[in-house]
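Colleague: Please show me the model, and let us then discuss the ligand and the enclosed space.

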Amino acid sequence: MSATPAEFDQWGRPFGVLRISLTARCNLACSYCCPDVKDPPGLLDLDQQLRLIRVACGLGLQTLRLTGGEPLLSNRLLPLLEALAAGRADAADPLARLRDVALTTNGVLLTLEKALALRAAGLDRITVSLDALEGEVVAKMAGLRGGTRAGEQLVEQVLGGLTAARDAGFDPACGGLKLNAVMRRGLNDAQLLPLAQLARDRGVELRLIEYMDVGNRNGWAPDQVISAEEMIQSIDARWPLQSMPRRAGATARQWRYVDGRGCIGVIASITEPFCGDCNRLRVTADGQAYTCLFASEGTDLRPFLQSEEALEAVLRGLWRQRRDRYSEERQGITASARHAEMAYLGG
Ligand code: SAM
Ligand code: SF4
């Protein structure tokens, strides 16, 4: 099925990416994210998730990202992937327009068995998050109570998850497997080069994320941000880099290693905001839609989830009226402005 012409918002930005958080819970407690210990009432069921994705396909959706909280904790993940695969195989189904289904996970539960099941169910890409390789630092970043030893165990599990994903057929050379790291000044600064080294050794693209002021719980302050420029300079001094042209709608700016050993990406939503071509809609596990990661209020989709027509009307209206560009306007917004939490929005 050919792609549907996308809906455009007030700034002429086309709709193209939907991120659905499957749960607000997590098996880690990263200090920059602060997830919930239990889910809110009213989680979307499989039919509602499918209806939402199908309707979004009719509005131009091409890339679906499943996230959380920790999506591998959700028993809805595999049934959803299987149902999506069935729809994508049917040329008459709007789901056939989906080009790409991706997952973001902390990798703790990513055994080979799980990775094979995800692959068999039709998942195209996995991004695994890991912020450090040194046990003590990982423990601090991930909010582990067991100190260095617990951090070392976590690194072992996550690296095992990366290996499992590759062995299950998520090919890093084709962008099928990536590594995310949030860099936070005073915590994991010294882990930048070890993480880059690991990613180079494994042929995986490392995506470095500036610590963002999402949510109200993490106590974000500007001096905790390590800028994209600083990260790139440090890596470039060790392994020279060459910048790559920016792809429209992409969150990350990319650099390739001059020695031919792959590339890295940097998500610089604090120091180099990229609202200009943002094509993303985020829906929380309990059905709140946000057009911006930094928004304070979402739109409750639950009253519309039983009917494709109603859902289409509300999503179309939401996108057409969209004017947000918080990252670019951040300077003029008070520090006390409330934001939705990251574990609901899913990154
Ligand atoms: N639990 C999964 C994981 O950690 O990959 C998926 C959900 S997590 C919210 C998605 C991504 O958001 C992760 O890569 C995480 O590092 C990133 N993230 C969370 N809080 C952040 C923050 N305040 N600033 C920047 N990135 C953040
Ligand atoms: Fe959990 Fe991911 Fe948030 Fe860390 S970033 S607490 S792994 S949801």
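Colleague: At what distance does an oxygen atom of ligand 1 lie from an N or O atom in the side chain of Ser129?

Modeller: This is a predicted model, where local features need pLDDT of at least 70, side-chain atom pairs count only at pLDDT 80 or more, and totals for chains, interfaces and linings use all residues. Residues are numbered from 1 along each chain as written, ligands are numbered from 1 in the order written, and side-chain values use heavy atoms, without hydrogens and water. A polar contact is a pair of N or O atoms within 3.5 Å. For the Ser129 side chain and an oxygen atom of ligand 1, the computed distance is 2.5 Å.

Colleague: What share of the accessible area of ligand 1 does the protein cover?

Modeller: Accessible areas come from the Shrake-Rupley method with a 1.4 Å probe. On its own, ligand 1 has 540 Å² of accessible area, and the protein covers 95%.

Colleague: Which residue offers a polar backbone atom to a nitrogen atom of ligand 1?

Modeller: With an oxygen atom of ligand 1, a backbone N or O atom of Thr105 makes a pair at 3.3 Å. The nitrogen atom is 3.0 Å from a polar backbone atom of Gly69.

Colleague: How many charged residues does the shell around ligand 1 have?

Modeller: The shell (residues with a heavy atom within 4 Å) comprises 20 residues, with Tyr32 and Met212 among the closest. Asp, Glu, Lys and Arg count as charged. Beside 7 nonpolar and 11 polar residues, the shell's charged residues number 2.

Terms used
A polar contact is a pair of N or O atoms within 3.5 Å; within protein, one must be able to donate a hydrogen and the other to accept it, and residues adjacent in sequence count only if both atoms are side-chain atoms.
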